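I sat down with a fresh chain and a blank page. These are my notes on what I looked up, in the order I got to it.

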Amino acid sequence: CVCVCVCVCVCVCVCVCVCGGGGGGVVVAVAVTRAPSYSYLASLPLSLLSSRVPCMAAVDLINVTVLDNPTKFVDPLRFEITFFANQALKDDLEWKVIYVGSANSEENDQVLDSVRVGPIMPGESKFIFEVDPPDPDRIPKGDLLGVTVVLLCCSYREREFVRVGYYVNSEYEDPSLNEQPPEPPQVECIQRNILADSPRVTRWMVEWD
């Protein structure tokens, strides 16, 4: 497979993968557009990255596994991250997890945690990134239950080059509470399910060393 990604502006990225030989090819993925700073629902499924398609990036994201999923809303989020460095880097990578509190406003986004990983040497690396759950008091009451998004982002020298977005569904384990949600919410009774089989990946070209 050969993949080409082009960002025509900060709001629009187009990625196309073509697979097949013998003079014929099949388009297997095409990215879509997004509103500013909300491209988490566009782009390539992470599974296409597992074969390490040709890329000019110094670092390729190989795989992300969501651990302990589903789990309670109040439990930490845990990701097992595997990446491949094509060269040594002078600075660390910064990984960050963002929980989208509401689709209506970025003001409700929560940076759950960030971590710097380094030194980066050529080859494959793997680590587990565990972050605290979102603060329910910072989520609008109407958005606490239902579907939202969690983002796993990686930057080099404050330039983001890859972002993985997952849909997240939160609901009470007791179906009767979903029909008539209690007030105030019983957060400890809410289950969080990250739809780990359907990630969306956006990649950008950045300056490295």
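**Entry 1: a proline to start with**

Where is the place of Pro-119? I found Pro-119 in the loop between strand E8 (110-117) and strand E9 (123-131). A caution to myself before going on: this is a predicted model.

I picked Pro-119 for its peptide bond. The bond from Gly-118 to Pro-119 is cis, with omega near -5 degrees. I noted the background too: most peptide bonds are trans.

Pro-70 was my next stop. The peptide bond from Asn-69 to Pro-70 is also cis, and omega there is near 0 degrees. Pro-70 sits in the loop between E4 and strand E5 (71-72).

**Entry 2: the whole chain**

I stepped back to get my bearings. I have 209 residues in the protein chain, and buried ones make up 41% of them. The secondary structure comes to one helix and 13 strands. Where does the helix fall in the run of elements from the N terminus on? Reading along, I get β-β-β-β-β-β-β-β-β-β-β-α-β-β, so to speak a row of strands with the α before the closing β-β.

I also looked at how far apart in sequence the contacting residues are. Of the contacts with a separation of 6 or more, 63% are between residues 24 or more positions apart. The accessible surface of the chain is about 10800 Å², and 51% of that belongs to carbon and sulfur atoms.

**Entry 3: E11 and its partners**

I followed strand E11 (residues 159-172) and wrote down what it pairs with. Eleven bridges join E11 to strand E10 (residues 146-156), and the two run antiparallel. In this pair, Leu-152 stands opposite Val-164 in E11.

E11 also has five bridges to E12, again antiparallel. There I matched Val-168 with Ile-194 in E12. Then come four bridges from E11 to strand E13 (residues 200-203), antiparallel as well. Gly-165 is the residue that stands opposite Arg-200 in E13.

**Entry 4: the turn between E10 and E11**

I went back to the hairpin of E10 and E11, which has two residues between the strands. Which phi does Arg-157 take in this hairpin? Arg-157 has a positive phi near 55 degrees. Glu-158, in the loop between E10 and E11, also has a positive phi, about 65 degrees, although it is not a glycine. For context, most residues other than glycine have a negative phi.

Is Glu-158 buried or exposed? Glu-158 counts as exposed because its relative accessibility is 79%, and the cut-off for exposed is over 50%.

**Entry 5: Cys-153**

I stayed in strand E10 and looked up Cys-153, which has its place there. Cys-153 is at 3% relative accessible area, so I put it down as buried; the cut-off for that is under 20%.

Which residues does Cys-153 touch, not counting those up to four places away in sequence? My list has Glu-94, Trp-95, Lys-96 and Ile-98, and also Glu-160, Val-162 and Arg-163. I checked a C-alpha separation as well: Cys-153 and Val-164 are eleven residues apart along the chain, and their C-alpha atoms are separated by 6.4 Å.

**Entry 6: the cavities**

Last, I looked for enclosed space. How many cavities of 30 Å³ or more does the structure hold? I got two. The largest cavity has about 50 Å³ of space.

I wrote out its lining: Val-66, Leu-67, Asp-68, Asn-69, Thr-71, Pro-76, Leu-77, Arg-78, Phe-79, Arg-192 and Ile-194. Strand E4 (59-67), strand E6 (77-85) and strand E12 (190-194) are the elements that give two or more residues to this lining. E6 gives the most, with three residues. By kind, the lining residues divide into six nonpolar, two polar and three charged.

Two names in the lining were already in my notes: Asn-69 and Ile-194 are among the lining residues. Asn-69 is where the cis bond to Pro-70 begins, and Ile-194 is the partner of Val-168.

I gave Asp-68, another lining residue, a line of its own. Asp-68 is found in the loop between E4 and E5, and its phi is near 50 degrees, a positive value in a residue other than glycine. With a relative accessible area of 48%, Asp-68 is partly exposed.

Methods. Residues numbered from 1 in each chain as written. Predicted model: local features only at pLDDT ≥ 70, side-chain atom pairs only at ≥ 80, totals over all residues. Heavy atoms only, no water. 1 Å grid on protein atoms, 1.4 Å probe; cavity = no way out; pocket = protein on both sides within 12 Å on 5 of 7 lines; lining within 4 Å. Points joined across faces, edges and corners; volume = space filled by probe spheres on them. Nonpolar A, V, L, I, M, F, W, Y, C, P; charged D, E, K, R; others polar. Buried < 20%, exposed > 50% of the residue type's maximum accessible area, 1.4 Å probe, protein only. Contact = heavy atoms within 4.5 Å. Areas by Shrake-Rupley, 256 points an atom, 1.4 Å probe, with all protein chains shown as cover. Pairing = 2+ DSSP bridges.
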